[in-house]
Amino acid sequence: MSPLAVAALRALAALSLMLLNGVVLIYMLRKVLGHLHLRLGPTRVGPRGLLQTTADVLKLLTKEDVEPAAADAWLFRLAPVVVFTPSFMAYLALVFGPGLRFSDLDTGVFYAFAVLSIVPVGVLMAGWASNSKWSLIGGVRATAQQIAYEVPLLLAALGVVMAAGSMNLTEIVASQQGTWLGFLPRWFVFAQLPGFVLFLIASLAELNQTPFDMSEAESELVAGFANEYSGMRFALMFLAEFSNSFIVSALAVTLFFGGWLGGSGLVPPVVVFLLKTYLGVFVLMWIRGTLPRIRIDQLLTLGWKGLIPASLAWVLVVGVAVKLFEGSG
Amino acid sequence: MGPQHPSTHGVLHVLLELDGEEIVAAEASLGYLHRGVEKLSEYRRYHQVATLMDRADYLSGIHGELAFAQAAEELAGIEVPPKAHWLRSLLGEINRVSSHLLWLGTFGLDVGAMAPFLYALRDRETLLDVLEAVTGARMMFNYVRPGGVVADLPPEAEPAIRAFLRSLPTHLGEFEDLLGGNEIFVARTRGVGVIPRETAVSFGMSGACLRATGLGWDVRKERPYAAYPELDFDVPVGTVGDTWDRYAVRVEEMRQSLAMISQTIEGMPEGAHMAKGPKVLRPPAGEVYSAVESPRGELGAHLCADGSDRPSRLRLRSPAYFNLAVIDELLPGCKIADAVAVIGSLDIVLGEIDR
């Protein structure tokens, strides 16, 4: 087969996985929030609510596709694609197990964050093109937030990259092999706990998740940038959001929790990886179900005055530590 | 913002002038409901007006009925039996807690927390079950009438009341963990939407919004009615009058209400629940003002009689109307997110504002 055909097949596989995963994540969100919030709804459609997602998909597919008369038509139609595509591209970088990946990138970490940073452009496009004030504020908020939190997110990941000496996700996992003191896994979360905390906070903002869901804050902006979107266009945006929480969780597992390591040969690596990732997604949903929303100026203050200096300091600490250990051999 | 915005609590419409996220000017624009409650009262006999009172502030029907019933009783010179007084206080406090719970939940929604809303509705159901058992309705009670109350407590009411007296204090603790104990919630409420005491007084504010400024004005203490003179309770007050204080005052009020409910259940006197009198009231010509402490503040009924079987004029002093008036002054300088929190913290019911 020609390399082009192989690449196309891989991309198709990634797309299928992304769509399937989207369905699973929507069901999971409904169940998790259902239990946290004492909601009865998610148990009603089909056995254990299993058909709810099917019903949702059918509903979204058949809904009227509304476009505001005064909207900037082309931008309005393009925005969901611009939001969706980066998530899909980021999927291509994930490594699910030894050799189990869509592509082996030497700059995997860098690539994943780089493509995810395109998402707010789509959100801003959606907000601007909708010709609605609430949408516009949502779009502008997304950009301000993304810029403020991208830096600490990358700096938190940089600590791991420095310690592992690579941006390749497979190599980062490989460098976490073995144990400390015979029992503690050599996962970076133990050596770089502050880095992980910074990563968690910054990724919540990056994902536009509670308590940082400023761009669609329903109590303030009704539905923010997504106000005027209906049916499948709305679904594309939210599929991207769900996928992003999976991607960020997978990256966190790879960077800080030893990726697919830890199955001790009994459980297949890919299962270990997926279990850890879904646990991460669960934590994100748990936070979403519990916390109130922060205010935009507080969010930006936290980002610029708190997280960025802290993450810079952390990079310094890791850099010095890496040099010292190198020196001592 | 509004009237279909999710955080305008009904049909409030606020004209906001924005500079980015910051509010430069605000104007609350009222007039979407036009219930005509006061005018409609002139076409009904005294006993029939209670049904309208339920619909003005639909979250605290008992208080609306009581304000009107007290005014009619004073005009007609009716002596209310002690048991009716105690039942009025009991139901009034249950109604207050159910109203505050709905407020607590929706206020949580306003600052972005979904969980407390659904928990609050769960607890509110148990209170509405009791109200339904006693009055036959979950919202439009039509329970308090001039002369007393319609019915005594049914046998199933007392165990149900005792059950929520046991469960609610724990759940209130849960709410305080979820909201008050949360850094983000504190950051969103402390120092936000500060109403100085002088402003509150000059705008005629009352209820928790006024008490949050540190002024302990409560109609139940200042001009006691029903069984309140015999009940032991505190009036919680705040210090600076910010959004946090309004939250804290209402949560503490719920605890005080639970204590009062417990006292009324223990001390409920025997006897009739309705005074003996004519079926159709014809009070002599005159006018009277009677107020009660509703969940939103001083709810007063100014009632005029001309000797016929219908009021010649009824005017309600609805507390949320006065509490809302301050936002034109309060919102400029705030952020959009603050506007939502401030409006939520005022606990408005539009049915009572545009009555």
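Here is a short walk through the cores, cavities and one helix of this structure, which is a predicted model.

**Stop 1: the core with α11(A)**

Start by selecting Leu94(A), Val109(A), Tyr149(A), Ile172(A), Phe199(A), Leu255(A) and Phe256(A). These are the residues with the most contacts inside the largest nonpolar core, which has 87 residues. Now colour α11(A): this helix gives the core its largest share, 14 residues.

Next, pick Phe199(A) and show what surrounds it. Which residues does Phe199(A) touch, once you leave aside its neighbours within four places in sequence? You should find Phe113(A), Leu153(A), Ala156(A), Ala157(A), Val248(A), Ala252(A), Leu255(A) and Phe256(A).

**Stop 2: the other core**

Jump to chain B and select Trp86(B), Phe185(B), Tyr228(B) and Trp244(B). They are among the 76 residues of a second, separate core.

**Stop 3: the largest cavity**

Time to look for empty space. A search of the whole structure turns up four cavities of 30 Å³ or more, and the largest has a volume of about 230 Å³. To find it, select Val119(A), Glu206(A), Leu207(A), Asn208(A) and Asn244(A), which lie nearest its centre out of 18 lining residues. In chain A, α5 (119-129), α6 (133-164), α9 (193-206) and α11 (231-256) are the elements that each give two or more residues to this lining. Keep α11(A) coloured here, since you have met it already: its four residues are the largest share of the lining.

What is the wall made of, by class? Colour the lining of the largest cavity by residue type and you get 11 nonpolar, five polar and two charged residues.

**Stop 4: the second largest cavity**

The second largest cavity holds about 60 Å³ of space. Select Leu29(A), Gln209(A), Glu241(A), Phe242(A), Ser245(A), Val281(A), Met285(A) and Arg288(A) to see its lining. Here α11 and α12 (269-290) of chain A are the elements that give two or more residues. The lining of this second cavity splits into four nonpolar, two polar and two charged residues.

**Stop 5: a helix in chain B**

Finish with residues 61-76 of chain B, which form helix α3. Put a distance between its first and last C-alpha: α3(B) reaches 22 Å over 16 residues, close to the 22 Å expected at 1.5 Å a residue. Is this helix mostly covered or mostly uncovered? Turn on the surface and you'll see that α3(B) is mostly covered, with 14 of its 16 residues buried. Then step just past the end of α3(B) to Gly77(B), which takes a positive phi of about 65°.

Note on methods:
Residues are numbered from 1 along each chain as its sequence is written. Chains are lettered from A and ligands numbered from 1 in the order in which they are written. This is a predicted model: local features need pLDDT of at least 70, side-chain atom pairs count only at pLDDT 80 or more; totals for chains, interfaces and linings use all residues. Side-chain values use heavy atoms; hydrogens and water are left out. On a 1 Å grid over the protein atoms alone, a cavity is a set of points where a 1.4 Å probe fits but cannot get out, and a pocket is an open set with protein on both sides within 12 Å along at least five of seven lines; lining residues have an atom within 4 Å of a point. Grid points are joined across faces, edges and corners, and a volume is the space filled by probe spheres set on the points. Ala, Val, Leu, Ile, Met, Phe, Trp, Tyr, Cys and Pro count as nonpolar, Asp, Glu, Lys and Arg as charged, and the others, Gly among them, as polar. The expected span of a helix is 1.5 Å times one less than its number of residues. Buried means under 20% relative accessible area, exposed over 50%, partly exposed in between (1.4 Å probe, protein chains only). A nonpolar core is a set of buried Ala, Val, Leu, Ile, Met, Phe, Trp, Tyr and Cys residues joined through side-chain atoms within 4.5 Å. Contact means heavy atoms within 4.5 Å.
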